[in-house]
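Trainee: Could we go through this protein together, one question at a time?
Mentor: Gladly! Let's look at it first.

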Amino acid sequence: MCDEHTLRDAEEALHREGGTLTRRRFTAAAAGAAAAAMLPRSAGASGVTGSDVLVQTPDGEADCYFVHPESGSHAGVLIWPDILGLRPAFRAMGDRLAGSGYAVLVVNPYYRTARSPVVPDGASFADEATRNTVFPLARSLTPDTNVTDAGAFVEFLDAQSAVDISRKIGTTGYCMGGPMVMRTAAAIPGRIGAGASFHGGGLVTEAENSPHLLVPNMQASFLIAIAENDDERDPEAKGALREAFDSAGLAAEIEVYDGAMHGWCPTDSAVYHEAQAERAWTRLLALFETALA
């Protein structure tokens, strides 16, 4: 999960790689990386169409981004963003996944409090103002709101003509989205066929409702991509996850990505690691091709 430890690790890594960055350069680098044009398209990618949508939930209307191939019906995918929420980098991620043949809903988990984007373009987690904005928003979410929202988002997907309801749904999450993926898979096991967590925080905790304890309720195959510094802080978590999935008889690819810091996947992250992000993307597509067929 993004916190002060994450910030310190990121700053130390950036200093090792290029010397001390000024706050202005730190923010500008993140803003420039957000451009959708920087994301490579998958081989054979189709044209896509995307639109802003409002999804009705028991707690109001969630502003989301829905994107899908221009024709046909396809397996649905639900994307839970990281702590900075729905923004251009995640819209681009949705576009790219749709280009590989999926109908994708990218959600604003903070809709109860604020419409997206909740931070301006180029906002950096390194800025205190950004942290002061997103920390209260993140704390406003609970396991119960995650499950309530998951049900509404899956219902929305299943009602779309671009979604093939004969195929299972996939769900992905980044940072705080990792636990949301696991709760979604456990709450709606009949519809969720694949889940992927990228630098997910809090997948294994001491709490009675720890996400890893929900694995017996799932029917999904999983990809869990762990940041190197997250593993250093909690080296036992991957073993607990492996034991949980093995005990449940569920396929799970659980791996620490060497050299990748917490937050390495979104293109607007200051610690974006292109090679490892592309490798994680390839493994995600491999999971979906098998589990959502």
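Mentor: Let's start with the largest pocket, and keep in mind that this is a predicted model. Strand 7 (221-227), helix 7 (228-233) and helix 8 (237-248) each supply at least two residues of its lining.

Trainee: Which of these elements gives the largest share of the lining of the largest pocket?

Mentor: The pocket has about 320 Å³ of space, and 20 residues line it. Closest to its centre are G200, G201, G202, D230 and D234. The largest share of the lining, four residues, comes from strand 7.

Trainee: How many residues of that lining are nonpolar, polar and charged?

Mentor: Glycine counts as polar here, while aspartate counts as charged. Sorted in this way, the lining of the largest pocket has nine nonpolar, five polar and six charged residues.

Trainee: Now for the closed spaces. How do we find them, and how many cavities of 30 Å³ or more does the structure hold?

Mentor: Good one! Rolling a probe the size of a water molecule over the atoms shows where empty space is left. With a cut-off of 30 Å³ or more, the number of cavities in this structure is two.

Trainee: Which element gives the most to the lining of the second largest cavity?

Mentor: This cavity holds about 130 Å³ of space. Of its twelve lining residues, M93, R96, C265, A277 and W281 are the closest to the centre. Helix 3 and helix 9 are the elements that give two or more residues to this lining. The one that gives the most, with four residues, is helix 9.

Trainee: And what classes do the residues lining the second largest cavity fall into?

Mentor: Here the lining splits into nine nonpolar, one polar and two charged residues.

Trainee: How are helix 3 and helix 9 placed relative to each other?

Mentor: Helix 3 (residues 88-99) and helix 9 (residues 274-291) have axes 12 Å apart and pack at an angle of about 45°. An angle counts as roughly parallel under 35 degrees and as roughly perpendicular from 65 to 115. The two helices are therefore oblique to each other.

Trainee: What is the hand of that crossing, and which residues of helix 9 make the contact?

Mentor: The crossing of helix 3 and helix 9 is right-handed. On the helix 3 side the contact is made by M93, R96 and L97. By class, the contact has five nonpolar, no polar and two charged residues. On the helix 9 side, the residues in contact are E278, W281, L285 and F288.

Trainee: Let's take another pair. How does helix 5 lie relative to helix 6?

Mentor: The axes of helix 5 (residues 143-158) and helix 6 (residues 177-187) come within 9 Å and cross at roughly 60°. That angle makes helix 5, relative to helix 6, oblique.

Trainee: Which residues of helix 6 meet helix 5?

Mentor: Helix 5 passes helix 6 in a right-handed crossing. From helix 5 come P143, N146, V147 and A150, and these meet M180, R183, T184 and A187 in helix 6.

Trainee: Is the peptide bond from S116 to P117 cis or trans?

Mentor: P117 sits in the loop between strand 4 (103-107) and helix 4 (128-139). With omega near -5°, the peptide bond from S116 to P117 is cis.

Trainee: Last one: which residue has a positive phi although it is not a glycine?

Mentor: Look in the loop between strand 5 (169-174) and helix 6. The residue there with a positive phi of about 60° is C175.

Technical notes: Residues are numbered from 1 along each chain as its sequence is written. This is a predicted model: local features need pLDDT of at least 70, side-chain atom pairs count only at pLDDT 80 or more; totals for chains, interfaces and linings use all residues. Side-chain values use heavy atoms; hydrogens and water are left out. Axes are lines fitted to C-alpha atoms, for helices over the stretch in contact, and angles run from 0 to 180 degrees between N-to-C directions. Angles under 35 degrees count as roughly parallel, over 145 as roughly antiparallel, 65 to 115 as roughly perpendicular and the rest as oblique. A crossing is left-handed if the near helix is turned anticlockwise from the far one by less than a right angle, and right-handed if clockwise. Contact means heavy atoms within 4.5 Å. On a 1 Å grid over the protein atoms alone, a cavity is a set of points where a 1.4 Å probe fits but cannot get out, and a pocket is an open set with protein on both sides within 12 Å along at least five of seven lines; lining residues have an atom within 4 Å of a point. Grid points are joined across faces, edges and corners, and a volume is the space filled by probe spheres set on the points.
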